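Q: Please take a close look at the disulfides in this predicted model. Which cysteines are joined, and how are they placed?

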Amino acid sequence: MATGALLLATACTAAADAGSGTPRTGSAVASPTPPPSADPVVRAVPEAQWQKMKDAGMVRKGCPVTSPDQLLRVEINHHGFDGTIRRGVLVVNADTADTVLRVFTALFDAKFPIRGMKPLEEYGGDNTASLAADNTAAFNCHRANQINAPALESPHANGRAIDINPLENPWQDLRCKCWKPSAKHSARTEGKGKILEGGLVWRTFVDEGWVWQDIDVPDYMHFDTGYPSKPYAGPSAPAM
């Protein structure tokens with residue numbers, strides 16, 4: 001009789017659990033996978049990286065950045081051209097780190113593709129090599145034969161300029177009357193990774209107070225906070 005009562009109680013409990021939707025002990029409940037995020041982190045420039053910058057000639061006499069405290073390292077995810085998510089690094093002036101974080105978080109959320117994102121010292125400070133690799137980068141006190149502005153006035157040398165997808169968004173070098181790194185994508189037509197006036201990237205930067213092509217020749221890859229280089233002033237005021 002006791003055995004029958006036990007079986008009846010067990011059956012009732014199981015039925016109650018089934019009716020209430022309560023999982024039985026030991027059953028696995030799948031958790032929803034969180035969507036990927038930009039996962040931005042801002043850090044101080046470590047000593048080893050600072051030394052690599054000096055070794056590459058990016059920090060030298062006549063350049064405006066003389067201390068690692070003037071810069072910050074922004075680590076952030078980006079979508080590659082193949083759809084995979086990669087971790088990138090931008091080294092920028094300390095006064096632009098927050099706006100850079102906001103801009104590239106917005107570009108990540110919009111799934112804008114970026115080929116690569118490495119600091120210039122990874123290319124030995126050679127801007128030509130970085131452009132040829134379609135590398136998105138910021139701070140660099142350019143070499144004398146690669147510079148387009150006096151170092152102290154240069155937005156890049158101050159860490160207040162960013163070049164995005166150079167191959168898809170080239171600039172015109174009047175010294176050779178040629179497009180760099182290539183003329184392949186010089187036409188401003190729709191295309192993967194390209195920057196167009198009024199488009200996603202343009203709106204994101206301009207709304208944050210950045211200037212596009214702050215130069216007298218086409219420079220589609222380039223955004224800065226003003227020339228001669230000046231501290232970041234904040235987001236643009238909305239149009240009335």
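A: One disulfide links Cys176 and Cys178, with an S to S distance of 1.9 Å. The torsion about this S-S bond is about -60°, so the Cys176 and Cys178 disulfide is left-handed. Cys176 has 37% relative accessibility and counts as partly exposed, because partly exposed covers the range between under 20% (buried) and over 50% (exposed). Cys178 is also partly exposed, at a relative accessible area of 25%.

The structure holds two disulfides. Besides the Cys176 and Cys178 link, there is a disulfide between Cys63 and Cys141, whose sulfur atoms lie 2.1 Å apart. This link is left-handed, with -85° about the S-S bond. Cys63 sits in the loop between helix H2 (47-55) and E2, and Cys141 in the loop between helix H4 (127-132) and E4, so the pair ties together parts that are 78 residues apart in sequence. Cys63 counts as buried, with 6% relative accessibility. Cys141 is buried as well, its relative accessible area being 1%.

Counting the bonded cysteines along the chain, the disulfides follow the pattern 1-2, 3-4.

Two of the elements that flank these loops, E2 and E4, also appear in the surroundings of helix H3: strand E2 (71-79) and strand E4 (161-163) are among the elements that cover the buried residues of H3. Those buried residues are Ala97, Thr99, Val100, Val103, Phe104, Leu107 and Phe108.

Definitions and conventions: Residues are numbered from 1 along each chain as its sequence is written. This is a predicted model: local features need pLDDT of at least 70, side-chain atom pairs count only at pLDDT 80 or more; totals for chains, interfaces and linings use all residues. Side-chain values use heavy atoms; hydrogens and water are left out. Buried means under 20% relative accessible area, exposed over 50%, partly exposed in between (1.4 Å probe, protein chains only). Helices (H or I, at least four residues) and strands (E, at least two) are DSSP runs, numbered from the N terminus. Contact means heavy atoms within 4.5 Å. A disulfide is a pair of cysteine sulfur atoms within 2.5 Å.
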